[in-house]
Amino acid sequence: MRNETRGTLELTLAMVLSGTLGVFVVESGASPFEVVFFRCLFGAVALGAYSLVRGFFTGHGFTARKLGLAALGGVFIVFNWVFLFEAYAATSISLATVVYHTQPFFLVLLGAVLLKERISRSKLGWLALAFGGLVLVSGVRPGDTGSLAGLGFALAAAVLYALATFVTKRVTGVRPHLIALVQVLVGMPLLLPFVRFGGVSGGGWGWLVGLGFIHTGLMYVLMYAAYAKLPTSKIAVLAFTYPAVAMGVDWAVYGHHIGLVQALGVPLIVLASLKVTLAARTPAAAPAPRTAAHAPEAASPAATRAA
């Protein structure tokens, strides 16, 4: 099998898994804080075991500065998950996922504010198009506080994800699996005060274990393996398998679907996000496969923008 074909299959599978994440979160029956805590716990076991077997701890490449940046990125990643899962509960998996994919625009704005990067006219145009799509997708009516809250949670998650990406991109020379491991390890003490260990039912544990081992362990391993084999353009395109699957799963399992007007906004956000993502990732600036630029943006993610 050709290297690129294998990478395509790996990333597609990773994005399909990411699209099922919402069901695991909802079916666990736990609060968002509890879900993220146990995702971090079981994810740390999965990523730690994989890194140990592969020998990644030898010559890990961490310095005090890099470790600090990875930990700061972990703070943003963890609370990004909390807000995203709150959005699932307040609105729907479909709406939350689509709004969450405004992350690239916040990354552009962060670059402009913190690094004084100039925003080109074309990027401003794509930002305007995405905003129009966001207005259509939200479908929020006056007095619809549930949808407004869900929209706010999803946007907050997108901002935190952009912050995590902004910070993590500055950690180079460290395998992404180790950066992800640091991030989930940071999440456990942060969220421990909000966890009720008796609040998860017997059946809920299976979903939480799945979040850790499937959506944090297996999914990230597949993504990082794929990144080393694929060009940036294909990674950016395949990333949209995630929201497509999430919307399909939300409809199949919970009967949630977006209306006609909302559906008109989806391609606007997808197109604008794709254009901005590709513009930000020219081949000359693409990081080496083993650098932290491939850490979960989020996953994430990005990046592929995996949750």
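**Exercise 1. Work out how the expected span of helix α3 (residues 32-54) compares with its end C-alpha atoms.**

Start with the rule: the expected span is 1.5 Å times one less than the number of residues. Helix α3 has 23 residues, so it should span 33 Å. Now check the ends: the C-alpha atoms there are 32 Å apart, which agrees. Just past α3 sits G55, with a positive phi near 75°. Helices here are DSSP runs (H or I, at least four residues), numbered from the N terminus.

Quick housekeeping: this is a predicted model, where local features need pLDDT of at least 70, side-chain atom pairs count only at pLDDT 80 or more, and totals for chains, interfaces and linings use all residues. Residues are numbered from 1 along each chain as its sequence is written, and side-chain values use heavy atoms, leaving out hydrogens and water.

**Exercise 2. Describe how α9 (residues 176-191) packs with α10 (residues 202-227).**

First, the geometry: the axes lie 10 Å apart, at an angle of about 150°. That makes α9 roughly antiparallel to α10 (the label for angles over 145 degrees). Next, find the contact (heavy atoms within 4.5 Å): P176, H177, A180 and V184 of α9 meet T216, Y220, V221 and Y224 of α10. Finally, sort by class: six nonpolar, two polar and no charged residues.

**Exercise 3. Classify the aromatic pair of F24 and W207.**

The whole structure holds twelve aromatic pairs (ring centres within 6.5 Å). For F24 and W207, the centres are 4.9 Å apart and the planes 85°. That's edge-to-face (planes over 60 degrees apart). Last, place them: F24 is in helix α2 (residues 21-28) and W207 in α10, 183 residues apart, so the pair links distant parts of the chain.

Key. Axes are lines fitted to C-alpha atoms, for helices over the stretch in contact, and angles run from 0 to 180 degrees between N-to-C directions. Helices (H or I, at least four residues) and strands (E, at least two) are DSSP runs, numbered from the N terminus. Angles under 35 degrees count as roughly parallel, over 145 as roughly antiparallel, 65 to 115 as roughly perpendicular and the rest as oblique. Ala, Val, Leu, Ile, Met, Phe, Trp, Tyr, Cys and Pro count as nonpolar, Asp, Glu, Lys and Arg as charged, and the others, Gly among them, as polar. Rings of Phe, Tyr and Trp (its six-membered ring) pair if their centres lie within 6.5 Å; planes under 30 degrees apart count as stacked, over 60 as edge-to-face and the rest as tilted.
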